[in-house]
Amino acid sequence: MASSSKSFLADAGYGEQELDANSALMELDKGLRSGKLGEQCEAVVRFPRLFQKYPFPILINSAFLKLADVFRVGNNFLRLCVLKVTQQSEKHLEKILNVDEFVKRVFSVIHSNDPVARAITLRMLGSMASIIPERKNAHHSIRQSLDSHDNVEVEAAIFAAANFSAQSKDFAAGICNKISEMIQGLATPVDLKLKLIPILQHMHHDASLASSSRQLLQQLVTSYPSTKMVIVTLHTFTLLAASSLVDIPKQIQLLLQYLKNDPRKAVKRLAIQDLKLLANKTPHTWSRENIQALCESALHTPYDSLKLGMLSVLSTLSGTIAIKQYFSSAPGKKTATAKSFDLVKLAQECCYHNNRGIAAHGVRILTNISSSCQEKDLLPLEQDAVFGLEALLVLCSQDDSPGAQATLKITLTCLVKLVKCRPHLSQSVVECLLTQLHSAQDAARILMCHCLAAIAMQLPVVADGILEDLMDLYKLIGQSATDKKQELLVSLATVIFVSSQKALSSEIKTVIKQQLENASNGWTAYRIARQASRMGNHDMARELYQSLVTQVASEHFYFWLNSLKEFSHAEQCLTGLQEDNYSTALSCIAEALKSYHKGIASLTAASTPLNPLSFQCGFVKLRIDLLQAFSQLLCTCNSLKTSPPPAIATTIAMTSGNDLQRCGRISNQMKHSMEEFRNLATRYADLYQSSFDADSATLRNVELQQQSCLLISHAIEALILDPESANFQEYSSNGTAHVESEYERRMMSVFNHVLEEVESLNRKYTPVSYLHTACLCNAVIALLKVPLSFQRYFFQKLQSTSIKLALSPSPRNPAEPIAVQNNQQLALKVEGVVQHGSKPGLFRKIQSVCLNVSSVLQSKSGQDYKIPIDNMTNEMEQRVEPHNDYFSTQFLLNCVILGTHNITVESSVIDSNGIVWKTGPKTTIFVKSLEDPYSQQVRLQQQQGQPPSQQQQQRTAYSRF
């Protein structure tokens, strides 16, 4: 994982050669000391990249102290550059170790006679508020500067006051009255008041402060009715309510009041924007009356832009708990029908509106009501939703503009959601999509193909009927090689792969290959091959990989494609398996293993230091071992026929009291086989735990492989080794309601079938019969007949997360040990930085980091002493929460035994659901435990013998007299 972070960090370089941290800092320091202003500025602005590359406190502390010096003695332009660097590097500020020294150097400029220098200093202090929230001298300077006659300085003071109010309760309480006086004072210009009011949004530290701020804002709203003042005050009001939480219902009412009664469009727009913010943040605080008032305003407004905004708020609320409250707490609910609700009337009225955005929100509301409210009187709405969605689909599919495409995305998302919770609507929806596919624009076709694929994945029954239409469309795609056409080829091929649940017919393969030859580039062919591998169409994938192998420029890509070709060929070999034909099964597995071994050799050659392909190698190695275990199990089952038990087996069984011994050596072979499958399940669990950045489909795939290993080990135990204690309850299926893919659906079906077979044979025909071995062999064949799916993470990494550790003390040379005396404890400081790729937290986020420290004695020196066992081992664990992607902690280690100790620090992460992921890295240092001088002296005296030392003591005593 560390290497993947290097690759994306290396991209941020600007052409300079790679340097270590100290050299890079010295290079920039040289620039800071230059006499030319341009070189100084260039050095200053390059600091953020230095912080990104070496984000550890020791370097950041030195760098910020150098910048503080530049700020102290430089001109205003340099100070401005330092300010921008500080604001860009805000998350690194807490790593400054000498905060006092840093602040002292910056703060000295506040006493300058130049108001611009003072203003930059105030902005600098405001940017540092997170690390100095309670500095009284900073508080005093801000308060003083608010009374300045220089506008630039006053604006800087307002910026600093806002930042300090957000961080410090004391400052917020102290400045509140001052801000209040300035806002209400007649001498304060209006534009300054507009800048002062937003400071009140931070007055949420306690209830009394929030209450007094609300009262002030309430006065301002009524005292200053001008548009600008009302807009700024209302927005500050909303942000204060959202932070203090208690006044949100009142704020919703106030905003709805302004939306209804204020005639100004700008105020109405602001009210809608703030209502949207509160709908996203706290939908549960919206009462039925609030939603009803918003519906009435939307029904009566003549302006489309305002109607669009209100519908946007209502569509946000319709996807939350608020919609259930609206329908459940309706007055006279027993007599009311769905049509009588204002929200439903509004949505139905807007479904066919000439403004696309309004129509999209209308159908979205109807879709959300249909999917979340299951009451019978609301069921007719689903038909309205389908008609509205189909109308919008026809309208948007003919338009190429970005607005139409955005509306089409909303429409298709609603279609998938509706079909998921109302499967009986799927037929009409799919027919409508297929009809539109022929006449739609290419950009719309791509989105519609994605929608069809999503529906076909959820409802495989629908998929069978659409294959012929799709093939006709595939033939009709033009010969042009535009980007949209290439994308459409991939999207259509994906739907075809999803729709053809079993193997692809030769006709379909011919059509796809013909189109690829006519109008595609290599990248399109690779993407289609990748989709074929994901959907289990390995025959098609192998042919496409074969055609691409010779078209790549790099040998790493050649080996990667060659390995994919071999894996597809291996999986294709397994499609020839048949039940009850065990000799064919063994030869098919042997053929597959041969291809897999060729493929893993190619895959290893394709890996590079920057891209080690660790998940891919791990997944394939486990697949190879699983196939070998299956092959071994088939041979073991066969051995009941080829190697029957000896004549004395019954006597041995009676003597040992183990009835299983009557079957001969198969009992021991089965025991080994069961242990092997359990071991494989553990290894799959380890692979799962190490794949923090994988998408959910890939993780589910790994989980299914693990479950198949556990299933076979359970079957061996239940049928042969221990039928009496077999428990089938814990293995019973929980239903297949949440099945996400066809592969998972087929695997779950095999699991259930195997469990039923095993349960029917349990405790019958003991100890072992041919029925038992046949059941095991058929279970293996059934599992292998499901084509393996190579999921997204095998090909593509969308999220990248890595941890970089730094240990102190650390030796200059990695192989050199750190010396420590055995009567002292070693204080080991562990610092770490979490590094992300371009999409941090896409699938899961790091909540905390778990650090494990362990030590192993490598080599002893000196005599063995009797030491308590507690002092001999160091096994410690600490959990730390990263702040701004940085964490640090300390461990105290005992190194009592003389010799060299190997200390290992391993990190793993815990996500927001509390799941532990073994991401690494693992760092090792060597510690040499030396005997302390006093113990050494005592030991030497003991070796020389005690009596001579006593005589020596007496002589020295006499010599004094």
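**Helix α36, unusual backbone and confidence**

Me: In this predicted model, how many residues has helix α36, and what does it reach from its first C-alpha to its last?

Reply: Helix α36 covers residues 666-689, which is 24 residues. At 1.5 Å a residue, 34 Å is expected. The model comes close to that, with a reach of 35 Å.

Me: Which residues of α36 are buried?

Reply: Buried means under 20% relative accessible area. Several residues of α36 meet that cut-off. They are I666, S667, M670, S673, M674, F677, L680, A681, Y684 and L687.

Me: What covers the buried residues of α36?

Reply: Other helices take part in the cover. Contact here means heavy atoms within 4.5 Å. The cover includes α34 (614-642), α37 (696-721) and α39 (770-785).

Me: Which residue does a cis peptide bond join to S808, and where is that residue?

Reply: Omega of this bond is about 0 degrees. The residue joined to S808 sits in the loop between β1 (801-808) and β2 (818-821). That residue is P809.

Me: Which residue does a cis peptide bond join to G920?

Reply: Here too, omega is about 0 degrees. The partner lies in the loop between β8 (916-917) and β9 (922-930). The partner of G920 is P921.

Me: L613 has a positive phi although it is not a glycine. Is L613 buried or exposed?

Reply: The phi of L613 is about 55 degrees. L613 lies in the loop between α33 (582-606) and α34. Its relative accessible area is 7%, and the cut-off is under 20%, so L613 is buried.

Me: N884 also has a positive phi without being a glycine. How does N884 count by relative accessibility?

Reply: The phi of N884 is about 50 degrees. N884 is placed in the loop between β5 (874-880) and β6 (886-894). Its relative accessibility is 33%, between the 20% and 50% cut-offs, so N884 counts as partly exposed.

Me: Where in the chain is confidence lowest, and where is it highest?

Reply: The mean pLDDT of the chain is 85, and 87% of its residues reach 70 or more. The lowest confidence, a mean of 36, falls in helix α1 (residues 2-10). The highest, at 96, is in helix α8 (residues 115-127).

Me: How many contacts beyond four places in sequence does the model have for residues 733-737?

Reply: Over residues 1-18, pLDDT stays under 50, and the model has 29 such contacts. Over residues 733-737, pLDDT also stays under 50. For residues 733-737, the number of contacts beyond four places in sequence is three.

How values were computed: Residues are numbered from 1 along each chain as its sequence is written. This is a predicted model: local features need pLDDT of at least 70, side-chain atom pairs count only at pLDDT 80 or more; totals for chains, interfaces and linings use all residues. Side-chain values use heavy atoms; hydrogens and water are left out. Helices (H or I, at least four residues) and strands (E, at least two) are DSSP runs, numbered from the N terminus. The expected span of a helix is 1.5 Å times one less than its number of residues. Buried means under 20% relative accessible area, exposed over 50%, partly exposed in between (1.4 Å probe, protein chains only). pLDDT is the predictor's confidence in each residue, from 0 to 100.
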